[in-house]
Amino acid sequence: KSVGCSNSYQFYEEELKIRFSEEMMIDNGIQEALSNHQFTLHYQPKVDTVTGAISGIEALVRWEHPELGRISPDKFIPLAERSGIIYKIDEWVLKEACRQNKAWQDEGLPKVPVAVNISALHFSQTNLLDMIHGALEESGLEESYLTLEITEGVFIENVELVIGIISRIRERGIHISIDDFGTGYSSLNQLQRLPISHVKLDRSFIRDIGGEPKKAAVAKAIIELAHSMNMTVVAEGVETAEESEYFTRCRCDELQGYYFSRPLPAPEFSRLLQRGNYA
Ligand code: C2E
Ligand code: CA
Ligand code: CA
Ligand code: CA
């Protein structure tokens, strides 16, 4: 028995070593990727349910590794959060998204806010405000054309501090959206204390509403409650006509998902923006 035990211990140790070195590789890789321009942004539209117009854009980071190929953000973002290099990634994303949105505006394309994902970690350090200020200053983008998507995880600790930071961001006219809503820690009750303007209903609420009437009812109730608190609601991960119709009927304000468009590289997205309407 003791042999089996030490074997499995050894195995575990080996596995840890491999995991550790893979993480080191990705971590060092991220440094390199930042300096060698291996990151790009893809853009996905948010569509207004009333007018059918593109009403917003989400910027999503993509990493094309020279040897490993494309690495999904679901894989490298958590590692980057653990090592702290996420600060540099998010800063690059923020600057690039602001620059690109301003460039589209200058070309005469419709003016809509661009949303960037901001890791919860940024809220434990106060220079988030400097980072945002820097990106807006450098690009010349107006405050009202920037949205920050943050997850409910932001509100686990130091709620008062976080509310303070968010209030200052909002005072400047920048939008804040709660991402993946319904999967995390905050309740609708807590939501009413937060100075935010948009809620993004998590994909898990959208999936299979046809087969799960209870899920559909919960989604509808969240939309109504958010509206009663003067927040607008975005449904994310909309893949079918049925889902699109259901959430339009429920008076969801905006829809986002493969049904309208996959996230696209900038040149393709700008053609979509030019056409401008799904109605
Ligand atoms: P998220 O913020 O919830 O982004 C939505 C994800 O859903 C994106 O995955 C998007 O490509 C995908 N998606 C959009 N429409 C559909 C659909 O109809 N069906 C399905 N199944 N999926 C859809 P992606 O681009 O792989 O990003 C994954 C996550 O990585 C994001 O989730 C976000 O949490 C994180 N992430 C992406 N870019 C950044 C970034 O620049 N900074 C930070 N901190 N996190 C990022
Ligand atoms: Ca997001
Ligand atoms: Ca989301
Ligand atoms: Ca997510």
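Which residue bridges the calcium ion (ligand 3) and the calcium ion (ligand 2)? In this predicted model, the bridging residue is aspartate 179, and the two ions it links lie 4.0 Å apart. With that residue as a starting point, each ion can be visited in turn, followed by ligand 1.

The calcium ion (ligand 2) takes its protein donors from Glu58 (OE), Asn117 (OD1), Glu149 (OE) and Asp179 (OD), which lie 2.2 to 2.3 Å from the ion. Along the chain, these donors follow the spacing E-x58-N-x31-E-x29-D. Two of them show what such a spacing can do: glutamate 58 lies in strand E2 and asparagine 117 in strand E4 (residues 114-117), so the pair ties together parts that are 59 residues apart in sequence.

On the other side of the bridge, the calcium ion (ligand 3) is coordinated by Asp179 (OD), Asp180 (OD) and Glu236 (OE), with Glu236 (OE) listed twice, at 2.2 to 2.4 Å. The donor residues of this ion are spaced D-D-x55-E in sequence.

Attention now turns to ligand 1, and some familiar names return. A polar side-chain atom of asparagine 117, a donor to the calcium ion (ligand 2), lies 3.0 Å from an oxygen atom of ligand 1. Likewise, aspartate 180, which helps to coordinate the calcium ion (ligand 3), has a polar side-chain atom 3.2 Å from an oxygen atom of ligand 1. Arginine 203 joins in too, with a polar side-chain atom 2.6 Å from an oxygen atom of this ligand. On its own, ligand 1 has 810 Å² of accessible area, and the protein covers 86% of it.

The surroundings of ligand 1 can also be described as a whole. The space that this ligand takes is the largest pocket. A shell of 23 residues surrounds the ligand, and the closest are Arg62, Asp90, Arg203, Glu239 and Tyr258. Sorted by class, the shell has nine nonpolar, nine charged and five polar residues.

Which elements each supply at least two residues of this shell? They are strand E2 (54-65), helix H2 (73-83), helix H3 (86-106) and strand E6 (175-181). Strand E2 gives the most, with four residues. This is also the strand in which glutamate 58 lies, a residue already met as a donor of the calcium ion (ligand 2).

Note on methods: Residues numbered from 1 in each chain as written. Chains lettered and ligands numbered in written order. Predicted model: local features only at pLDDT ≥ 70, side-chain atom pairs only at ≥ 80, totals over all residues. Heavy atoms only, no water. Near = heavy atom within 4 Å. Polar contact = N/O pair within 3.5 Å; in protein donor to acceptor, adjacent residues only side chain to side chain. Areas by Shrake-Rupley, 256 points an atom, 1.4 Å probe, with all protein chains shown as cover. 1 Å grid on protein atoms, 1.4 Å probe; cavity = no way out; pocket = protein on both sides within 12 Å on 5 of 7 lines; lining within 4 Å. Sits in = over half its atoms within 2 Å of the grid points. Nonpolar A, V, L, I, M, F, W, Y, C, P; charged D, E, K, R; others polar. Donors = N, O, S within 2.8 Å, 3.2 Å for Na, K, Ca; no water.
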